[in-house]
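Me: Could you zoom in on one part of this structure for me and explain what surrounds it? I'm a first-year student, so please keep it relaxed and explain the terms as you go.

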Amino acid sequence: GLGGRRVAATVDVATGATAGAAAERFLYRVAQEALRNVVTHAGAAAVDVRLERSGNRLVLTVTDDGAGFDPAG
């Protein structure tokens, strides 16, 4: 859950961004954990989730408007 917080979410699954059942379950769990992190750590008000195909790969992108972090830290 979101702990009672309201977070506006946009989900976009591009045409052709499909996979087998096991891969789709994996992508779901990855997206779920990313959203949990957005709510828990970023303090975001909005989050965008996008799944698209790039060649023979699926690319899952989660973008939020919350507090960032220094990747070097």
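**A close look at Val38 and its surroundings**

Reply: Let's start with who sits around Val38: setting aside neighbours within four places in sequence, Val38 is in contact (heavy atoms within 4.5 Å) with Gly43, Ala44, Val47, Val62 and Asp64. Bear in mind that this is a predicted model, where local features need pLDDT of at least 70, side-chain atom pairs count only at pLDDT 80 or more, and totals for chains, interfaces and linings use all residues. Residues are numbered from 1 along each chain as its sequence is written, and side-chain values use heavy atoms, with hydrogens and water left out.

Now zoom out for a second. The chain has one helix and three strands, counted as DSSP runs from the N terminus (H or I, at least four residues, for helices; E, at least two, for strands). Follow the sequence and you meet them in the order β-α-β-β. Along its principal axes, the C-alpha trace spans about 35 × 30 × 20 Å. Of the contacts in the chain with a separation of 6 or more, 59% join residues 24 or more positions apart.

Back to Val38, which is part of the largest nonpolar core, a group of six residues whose other members are Val7, Val39, Ala42, Ala44 and Val47. Such a core is a set of buried Ala, Val, Leu, Ile, Met, Phe, Trp, Tyr and Cys residues joined through side-chain atoms within 4.5 Å. Helix α1 supplies the largest share of this core, with three residues. This fits a broad pattern: in soluble globular proteins, nonpolar side chains tend to be buried together. Across the whole chain, buried residues make up 16% of the 73 residues. Here buried means under 20% relative accessible area, exposed means over 50%, and partly exposed is in between (1.4 Å probe, protein chains only).

One partner of Val38 that deserves a look is Val62, in strand β3. Because its relative accessibility is 27%, Val62 counts as partly exposed. Neighbours within four places aside, Val62 contacts Ala34, Val38, Val47, Asp48 and Val49. Between Val62 and Ala31 there are 7.5 Å from C-alpha to C-alpha, although they are 31 residues apart along the chain.

Next comes Ala46, in strand β2. With a relative accessible area of 31%, Ala46 is partly exposed. Its contacts, again without neighbours up to four places away, are Val7, Ala8, Thr63, Asp64 and Asp65. So two names from earlier turn up again: Val7 belongs to the core, because it is one of those buried residues joined through side chains, and Asp64 also contacts Val38. The C-alpha atoms of Ala46 and Thr63 are 8.5 Å apart in space and 17 residues apart in sequence. Try Glu33 for contrast: 13 residues along the chain from Ala46, it has its C-alpha 16 Å from that of Ala46. Glu33 belongs to helix α1 and, because its relative accessibility is 37%, is partly exposed.

Then there's the loop between β1 and α1, where you'll find Ala17. Ala17 counts as buried because its relative accessibility is 7%. Its contacts beyond four places in sequence are Leu51, Glu52, Arg53 and Leu58. Ala17 and Val59 are 42 residues apart in sequence, with 8.6 Å between their C-alpha atoms.

Last stop, the largest pocket. It is lined by 22 residues, with Tyr28, Ala31, Gln32, Leu35 and Val49 nearest its centre. The elements giving two or more residues to that lining are β1 (8-13), α1 (21-42), β2 (46-54) and β3 (57-64). Helix α1 gives the most, nine residues. A pocket is an open set of points on a 1 Å grid over the protein atoms alone where a 1.4 Å probe fits, with protein on both sides within 12 Å along at least five of seven lines; lining residues have an atom within 4 Å of a point. Two of the central names link back to Val62: Val49 is one of its contacts, and Ala31 is the residue whose C-alpha lies 7.5 Å from that of Val62.
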